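Visitor: I'd like to learn how to read the features of a model like this one. Could you walk me through it?

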Amino acid sequence: MKDTIFIKAGQVEIQEVAKPEIQADDDVIIRVLMACVCGSDLWAYRGLDDKATNSQNGGHEAIGIVEATGSAIDTVKAGDFVIAPFDHGCGHCAACLAGYEGSCLSHSDNYSSGNQAEYIRYQHGNWALVKIPGQPADYTPGMIKSFLTLADVMPTGYHAARTARVGKGDTAVVIGDGAVGLCGVIAAKMRGAKRIIAMSRHEDRQKLALAFGATDIIAQRGDEAIQQVMAMTNGAGADAVLECVGTEESTATAFAIARPGATVGRVGLPHGKDQNLATTFRRNVAIAGGPASVTTYDKKILLQAVLNGEINPGKVFTQSFALADINSAYQAMVKREAIKSAVIVSPTELPVM
């Protein structure tokens, strides 16, 4: 089968590798219909993270058709159309029962990798996989793209809003205008925020943030951005802050703009030095967040919201590429030509994209 291989910083390519097989009784083999490139994939691609050359790439988002199941799988069967969440919760440990399966206590291999491929082996699939009613042909291209966001970015944006404790009437600030940040805008609106301030310096992302429910845009960064938020909130700061980047600067900004008693929901993968928490302590600012609860949010909230047409997060996919053009999909995001790159793996099984 065809799989994406990380050659070196700035280069991934398609190579022929062995098709995955069932190795454990709770494995599921999925024929990938559509995958995508995540902002977290770009850290190694840009040379900012260490990664072994000529190794399987780390893409972790996919939708597809169940090909085969292990003997312990009784929730999905061959032929089912599924979302493959990037985290693989068990559904019954203390973390999963609390709705935090991103930190599942039952497995050491809780996360997907290598999903930019024709087939994937999905470990611990019995509870974690999310079944989509019907088949791909039953849906529009826009719906298909929205289903794909439910493998990661939409639930991650929702996790930022949930852990930031966004509530009705709140003023929420979303730091980050990538796909996760834009989905965070959707989530803040879903949770009843009255004012949603999106931080973005790019016109295409600003327009999409406004379409998703943002009420204000701040184009500045650092101290200027902090001053803008404080001016817009009468010097108090935001009721909730969604930190969707993970850099030192974005995290420092998040801490600085939260009002006393507010919570910063962090879903940006942390990069850089440990942050100084003394200022948050003095101001009673809480810090929460981590890997998203993808299966929980999909099953309880997000899948139905997409099916009902209440949200359309698939709009974050502004360019689509064939699997053979995977390096171009990465380049489009590195050059900010695409907000998020969709990767069409099985075009004959999908509506025309």
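Guide: Sure, let's start with empty space. On a 1 Å grid over the protein atoms alone, a cavity is a set of points where a 1.4 Å probe fits but cannot get out, a pocket is an open set with protein on both sides within 12 Å along at least five of seven lines, and lining residues have an atom within 4 Å of a point. Before the cases, some ground rules: this is a predicted model, where local features need pLDDT of at least 70, side-chain atom pairs count only at pLDDT 80 or more, and totals for chains, interfaces and linings use all residues. Residues are numbered from 1 along each chain as its sequence is written, and side-chain values use heavy atoms, with hydrogens and water left out.

Visitor: Which residues line the largest cavity?

Guide: Gly176, Asp177, Gly181, Leu182, Val185, Ala198, Met199, Ser200, Arg205 and Ala209 form that lining. The cavity has a volume of about 30 Å³, where a volume is the space filled by probe spheres set on the grid points, which are joined across faces, edges and corners. The structure holds one cavity of 30 Å³ or more.

Visitor: Which elements give two or more residues to that lining?

Guide: Helices (H or I, at least four residues) and strands (E, at least two) are DSSP runs, numbered from the N terminus. For the largest cavity, the elements are helix H6 (179-190), strand E10 (195-199) and helix H7 (203-212). H6 gives the largest share, three residues. By type, the lining has five nonpolar, three polar and two charged residues. Here Ala, Val, Leu, Ile, Met, Phe, Trp, Tyr, Cys and Pro count as nonpolar, Asp, Glu, Lys and Arg as charged, and the others, Gly among them, as polar.

Visitor: And how much space lies in the second largest pocket?

Guide: About 200 Å³. There are 17 lining residues, and the closest to the centre of this pocket are Pro20, Gln56, Ser113, Ile120 and Arg121. Strand E7 (residues 119-122) supplies the largest share of the lining, four residues. The split is seven nonpolar, eight polar and two charged.

Visitor: Now burial. Is helix H4 largely enclosed or open?

Guide: Buried means under 20% relative accessible area, exposed over 50%, and partly exposed in between (1.4 Å probe, protein chains only). Seven of the nine residues of helix H4 (residues 141-149) are buried, so the rest of the structure largely encloses this helix. Those buried residues are Met143, Ile144, Lys145, Ser146, Phe147, Leu148 and Thr149.

Visitor: What about charges? How many salt bridges are there?

Guide: The general idea is that side chains of opposite charge can pair when their charged atoms come close. The rule used here takes a side-chain nitrogen of Lys or Arg within 4 Å of a carboxyl oxygen of Asp or Glu. By that rule the count is 12. Take arginine 31 and glutamate 349, whose closest N and O atoms are 2.7 Å apart. Arginine 31 sits in strand E3 (residues 28-36) and glutamate 349 in the segment after strand E16 (340-344), so this pair ties together parts that are 318 residues apart in sequence. Glutamate 349 is partly exposed, at 29% relative accessible area.

Visitor: Which other pairs can I look at?

Guide: Try aspartate 80, which meets lysine 77 in a salt bridge (3.2 Å, N to O). Aspartate 80 is buried, at 6% relative accessibility. Then there's aspartate 239 with arginine 259, again a salt bridge, at 2.7 Å, N to O. That pair links strand E12 to strand E13 (residues 258-266), 20 residues apart. Salt bridges that share partners also join Lys19, Arg31, Glu67 and Glu349 into one network.

Visitor: What does glutamate 243 do without a salt bridge?

Guide: First the signs: Lys and Arg count as positive and Asp and Glu as negative, while His and the chain ends are not counted. Glutamate 243, in strand E12 (residues 238-243), is buried, and the nearest side chain of opposite charge, arginine 266, is 4.6 Å away. The side chain of glutamate 243 does reach the backbone nitrogen of valine 245, at 2.8 Å.

Visitor: And which side chain does histidine 60 contact?

Guide: A polar contact is a pair of N or O atoms within 3.5 Å; within protein, one must be able to donate a hydrogen and the other to accept it, and residues adjacent in sequence count only if both atoms are side-chain atoms. Histidine 60 makes one with the side chain of aspartate 152, at 2.8 Å. Histidine 60 lies in the loop between E4 and strand E5 (62-69) and is buried, at 9% relative accessibility.
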